[in-house]
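Work through the following exercises with the sequence and the model in view, and attempt each task before reading its solution.

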Amino acid sequence: MKFKNKVALVTGGALGIGGSISREFAKKGASVVIVDINEEESVKNKKRIAEFGGEAEVFIGDVSNAEVIKKMINFAKDKYGRLDYLIQNAFGVSDPDSSLSGSAMTVSEESWDKGMALLTKSLFLGAKYAADELIKNNGAIVNMASVHGLVNQQENLIYESGKTMVIGMTRQMSCDFGPKGVRVNCICPGLIITEKTEKLWPEDSNLRNFFNQQYLVRRTGKPEDIANGVLFLCSEESSFITGQALVIDGGLTIQIQENFGINQAKYALQNPDIPTF
Ligand SMILES: NC(=O)c1ccc[n+]([C@@H]2O[C@H](COP(=O)([O-])OP(=O)(O)OC[C@H]3O[C@@H](n4cnc5c(N)ncnc54)[C@H](O)[C@@H]3O)[C@@H](O)[C@H]2O)c1
């Protein structure tokens, strides 16, 4: 098993992309620390992992709190005696918090601080407090960015700026950690259908089909698509890769926008029943 005797800490590891990352690490032999604010779903994921003979522990806490970050790293060391991989993934994209949306004209200073505490400061602190352990074990960090860190949407100042900064932080951390034996990369997912969004846009719904059309591979992503990327970026097979933003988006962002727009318009004309959202 690829990650036998290794320890991975996954923030937001209960559900969605993080839930899958936790399970995939455990399938490959790693012991996993699931860090999340959702106790019920964290325990469920730990049980799912136990069912296939995997090993996981749960640590409940909000990673936008600096004390929680220190404690989660110590928890991993206390439980498993080491930490090899820090996967910084937590963010509630599917929990609409309207105070986080808006432009520089409308977003409040408080919302900015709150959003950035989760999107960026938590990643800085995670790297800071895990550094000794990761350096000792020649470990790796994978940060979760987004295609929203590469291309932008209106009225979404905090998320778009935060994810752009995740890519920048990843590059900077790779410069500082690389010579010490720790690689730092990030992933930019396209639309990944999770347990939460599956309920909003079930398979074969009009809106889901509309989304599928936007992707060159004619489907949206699955959490495992991202988990596979994370495991690769932690593995020996990627030992010459650091400072990168791996785009896993079924070709969404490489399309020329005029062409993309025309195709979308054609699809909308042929399928007038697409709901708005
Ligand atoms: N799903 C997508 O389409 C998509 C696309 C691009 C990027 N992303 C990024 O991937 C990551 C995961 O997204 P997802 O769609 O799986 O989200 P999700 O909402 O399905 O799961 C997020 C998990 O993080 C936990 N969480 C939320 N806030 C937390 C906090 N403050 N502290 C600890 N845990 C917290 C939640 O309880 C949940 O278990 C996020 O960073 C998101 O920005 C998602």
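**Exercise 1.** Find which residue of β4 stands opposite Val10, and establish how β1 is paired with its neighbours.

*Solution.* Val10 stands opposite Ile87 in β4. Strand β1 is joined to β4 (residues 85-88) by three bridges, and the two run parallel; strands are DSSP E runs of at least two residues and helices H or I runs of at least four, numbered from the N terminus, and two strands pair if DSSP finds at least two bridges between them. The model is a predicted one, in which local features need pLDDT of at least 70 and side-chain atom pairs count only at pLDDT 80 or more, while totals for chains, interfaces and linings use all residues. Residues are numbered from 1 along each chain as its sequence is written. Turning to β2 (residues 31-36), five bridges join this strand to β1, again in parallel, and Leu9 stands opposite Val33 there.

**Exercise 2.** Decide whether the faces of β1 are covered or open.

*Solution.* In a regular strand, side chains alternate between the two faces of the sheet. On one side of β1 lie Val7, Leu9 and Thr11, on the other Ala8 and Val10, and all are buried, that is, 20 or more other C-beta atoms, placed from the backbone, lie within 10 Å of a residue's own (12 or fewer means exposed, in between partly exposed). Because five of the five residues of β1 (residues 7-11) are buried, the strand is largely enclosed by the rest of the structure.

**Exercise 3.** Work out which residues of α5 are buried.

*Solution.* Helix α5 comprises residues 157-177, and its buried residues include Leu157, Ile158, Val166, Met173 and Phe177.

Note on methods: Expected span 1.5 Å × (residues − 1).
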